[in-house]
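Work through the exercises below with the sequence and the model open beside you. Each task is followed by a solution that goes step by step.

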Amino acid sequence: MTGDYTRFTHRPDRRYAGVLMQQGRVTLDADWNEQTAITARQLRIQALDTFGPAAVAWLNTPDAFLIAPLAGPPADVSIGPGRLYLDGLLAEAFEAEAPTYLSQPFLPDPPPLPAQGDVIAYLDVWLREVTYVEDPLLLEKALGGPDTTTRVQRVWQVKWAAVEGEAACGVDLDAMFPPSAGRLTTSAFAPPPSGDPCILSPTGGYRGLENRLYRVEVQTPGPLGTAKFKWSRDNGSIVSPVEAVAVSGTETVLTVARIGRDKVLRFRADDWVTVTDDHRELMGEPGEMARVVDTDEAALTITLDRALPTGGGRAFGANATELAERHTRVQRWDQNSSNATIDADGLIDVVAGPIAIEDGVNVAFSVDPAGGAFRLGDYWVFAARTADASVEILTDAPPRGIEHHYLQIGVISGLGGAMEVQDCRPRPQDCACCCTVSVGSTENQQGDYPTLAAAVAALPGIAPDEEVPVTICLLPGIHEIEAPVVIDRARVRVLGCGPESRLSIGRGPGLMIAGEGDVLESFSAVAENEAPIVLLRGEGQRLLDLDLWNQGSGAAVSAEGVTDFAMEDCRIRASGGVQLLGERIVVAGNRIAEGPVRVAEGADTVRIEDNDLTGSRSSAIHLGGRKPAYDVEILRNRIRGAMENGIAGGFFDPQGVEDGIVMGLRIVGNEIIDCVSEQVERENGAPFGGIVLGRVYDLEIHDNRIERNGGQARVAVCGIFAAHSRNVQITRNLLRDNGRLPDGELLPGPQAGIMLRNAGTTAVIDPHGKESGTFRVSAVAAVRIDGNVVESRRGPALWIAGMGAMQIRDNRLAAIDILADLQDEITDAADAYVGSVYLMNRGLPGYMAGWLAALGFDGLKEGFTLQGQPVERLVVGGQVQFTGNQVRLDLTAPTSELALANMLIFSLDDTSVANNQSEGVLGRDLLLCDLLNFAITTRVTGNGFMSTPLLTAFSILSLGLFNHCTNNQATSCIRAFGFSPKSFIGNNAVIWPHPQYCAEDNIIGAM
């Protein structure tokens, strides 16, 4: 829409830096608006000088306007949130909008993507003037209705276009969408002299009685002689919202908010108007021209001389709600048959002119370049003043607007099948900067060397001193790599121009990098090989901002024996993924699809952080093999849709489980979602889940979100699983909706929220011991489970077997319909009828070491050794703390089931079960006991056990040599057996005592 202004005074050639207000002076809108124009121009120039013609805010919003395929139908792509600068204008997509091509904020009815083929995706950015009609919130309610200011809105739209030949990055959008060629010249003219000698002839110049701001606007696009325009003496600011549209025969009656502000600024009979709305404006469609037949001030109606289309789409809304949502409006124009030659729609032909407007004002049109065309919405404004009869002079002036800015952001291919997207957004740096030599592409040989291989071969002559860095720039285009290019010189940087510089790899590895400090940066590469695209051996190498796609079975990157290696901000697509072996490795900020990040056996000090890993055909991250990997950190990654596990550690062969070893593993802040697909098959009981580990020492799993893994799989699934672990800390994780609902049979295998099968602590030979073979136990608990939320669909929420101190505190543990049917065979016989918690600690008390040694049993061992580590021993303690937890067992499924226990806690040492809350929700199921507890010394105190009355025999069944069972509250019976007179059992309250099992006073004494 357009606002009511006096004139526009900003002229860049005057170099004004600001507008200063003086006291006691008249305030003009033109001054305010000039300050706005000065500031806007300065910001645009600053952005252009800083970022260039187009730039993504890579530091803060690297995904800005990144398009990615979405599952259909219909065919659609997501639009990444963030900020992008185009010709100095800021385009911003907000994360809360979650924009996609089909649901973007400024394109109300985007045409569907083609049913097949390839297209380019591009961004269209432009400025739009918004008045109170488009945004009623601009009205101040306290003023009772009058409008005040207007706004300038930044509009962005993601669109597509078909191109001839193969769709690729680098399409010339300026040629596809040339700017308007329209030009306008204004002038004032004198009328012919009077023939009556008694009448003075009028002088030249503007003869109007009011100061005016004329607006000339193109309604019909096209070249000279075809285009048509309309004009207004008030900048088109006579406008009113339309509240109803009623078509009657050949006429239309509009109900409007107001007919006019006064007797002049109003709608009158014989006025020409445009009826339009946001839908038409944002879709680049013209409004409907019509002539006013009549107005009714009392009824607030305007009658038009033609029937307007109604009913939605390009037609106008059929009801008041649709009209209001689309901000339908009517706008007055001032051309008429008395002052111009108009057609049936009230429009004037765009011709060379001059064309008389009114009151001595002339306009003339031209085009530049010759043969060019005017565009819909082109407009010019110029002022006319009565004080000096002046008309603001424009000379072949280009349109003031609408100025569209275009940028290609991607290529969408495979429409109608497996959709793929190529990122064409501008890269962070200019590849032409600081080049030692340049390499021309296959189709463009403008570089210093025709091929990358030739440039590498010439390096000794170009820079004989290997201490001097060398930059080889890959110019835009396709670079054919027929044979592997070997770079073994130090400090070589191969720099491209983003996706526009593309390597096409033949057979074998594309690039073999062995020089110290070599860098590959900002180019793309495509191969169809069993060999990796990039093979690295050496020290201090970097891969930065690469697009690598291996369509064969090979890896994108294979780092073999590297040191101080980093791969950052790359986009990887390869079923072979990324292979890593070496020391001090960082993989950060990458997007990796179809294949895993595989940390090979023997790797040391590896950090995998802030990556997006999607759709791996195996596990998303795989650690180790038959030999140890050391000190691995997996931090803040987003893992989705892996066919197998989210994170797997270990090597599983067809002969059984061979546990890969990881010495020191931290898994922190990751999202692991929708892994373990329905295609996966289980062999020999191999585990599946969000995190699945073989042998691992010093394991930390904190603050992860593990959800919806295995929802359709035919195999049992765990949230977290470890076959053999030592010194485990699992804290503040969220695990829910993992595993399939009990709606079908599962292949045998482990299933639980958290399952640690052989957990323990580290015991080492003490060289300072008084006797040979003396050992000491690590102060770190064998297992610490703290502050987690675990919901299990099938299998216990928590399943731990092992030895050493175990601390389970402040968790929310829930098991829903989890008891195994016999046909499932998903659990071992010992725990098949345990509900939410299964804890089995085989560790003997440390104080028994001397006794056992005296009896000749000091060599009790666990039964496996770890390479380079002493054997483990049973006398490492078996203490279990189970405190402050909330446990829920939900067996409300229609089938009847029998549960031995909701919680089974067993130790050969000591247990402390305190201050827990347990809830058993039973349908037709029977629960023998809520807590089944056994230890040499044990305390069960301060707990609350609530379960469905009469369906639970015992709330607590506790056995121990020294047994304290006190101050518990339960719905069912409490039975505790202490085989020492030092036991104390009492002060327990039972709400629903069973006369057969409970004592009359509900306090069970020691036996």
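**Exercise 1. Is L928 buried, partly exposed or exposed, and which surface patch does L928 belong to?**

Solution. Keep in mind throughout that this is a predicted model. Begin with the accessibility: L928 has a relative accessibility of 35% and therefore counts as partly exposed, since that class lies between the 20% limit for buried and the 50% limit for exposed. Next, place the residue in the fold, where L928 is found in strand 67, which covers residues 926-941. Finally, look at the surface around this leucine: Y833, L900 and L928 make up a nonpolar patch, and together they have about 230 Å² of accessible area.

**Exercise 2. Find the disulfides of the model, and state for each one which parts of the chain the pair ties together.**

Solution. Step one is the criterion, which asks for a pair of cysteine sulfur atoms within 2.5 Å; by this rule the model has 2 disulfides.

Step two takes the pair C169 and C424, whose sulfur atoms are 1.9 Å apart. The angle about their S-S bond is -80°, and the link is left-handed. C169 lies in the loop between strand 7 (151-161) and helix 2 (173-176), while C424 lies in the loop between strand 23 (420-423) and strand 24 (437-439), so this disulfide ties together parts that are 255 residues apart in sequence. As to accessibility, C169 and C424 are both buried.

Step three turns to C435 and C473, which are joined by a disulfide with an S to S distance of 1.9 Å. Here the link is left-handed as well, with -95° about the S-S bond. Because C435 sits in the loop between strand 23 and strand 24 and C473 in strand 25 (residues 470-474), the pair ties together parts that are 38 residues apart in sequence. The accessibilities of the two partners are given separately: C435 is partly exposed at a relative accessible area of 29%, whereas C473 is buried at 0%.

**Exercise 3. Are C675 and C929 buried or exposed?**

Solution. Compare each value with the cut-off of 20% for buried residues. C675 has a relative accessible area of 1%, so it is buried. C929 has a relative accessibility of 0% and therefore also counts as buried.

**Exercise 4. Where does D87 lie, and which residues is D87 in contact with beyond its neighbours within four places in sequence?**

Solution. First locate the residue: D87 is in the loop between strand 4 (82-86) and strand 5 (89-93). Its relative accessibility of 25% is then the reason why D87 counts as partly exposed. With the neighbours within four places in sequence set aside, D87 is in contact with R44, L48, P53 and H405. For H405 the contact can be described further, as a polar contact of 2.8 Å joins its side chain to that of D87. As a last step, consider V125, which is 38 residues from D87 along the chain and whose C-alpha atom is separated from that of D87 by 9.3 Å.

**Exercise 5. How many helices and strands does the chain have, and what share of its residues counts as buried?**

Solution. Counting the elements gives 7 helices and 73 strands. Of the 1007 residues in the chain, 51% count as buried. Turning to the contacts with a separation of 6 or more, 67% of them are between residues 24 or more positions apart. The surface completes the account: the chain exposes about 43,400 Å², of which carbon and sulfur atoms supply 53%.

Methods:
Residues numbered from 1 in each chain as written. Predicted model: local features only at pLDDT ≥ 70, side-chain atom pairs only at ≥ 80, totals over all residues. Heavy atoms only, no water. Helix = DSSP H or I, 4+ residues; strand = E, 2+ residues; numbered from the N terminus. Buried < 20%, exposed > 50% of the residue type's maximum accessible area, 1.4 Å probe, protein only. Contact = heavy atoms within 4.5 Å. Polar contact = N/O pair within 3.5 Å; in protein donor to acceptor, adjacent residues only side chain to side chain. Patch = residues over 30% accessible without salt bridge, like charges linked within 9 Å, V, L, I, M, F, W, Y side chains within 5 Å. Areas by Shrake-Rupley, 256 points an atom, 1.4 Å probe, with all protein chains shown as cover. Salt bridge = Lys/Arg side-chain N within 4 Å of Asp/Glu carboxyl O.
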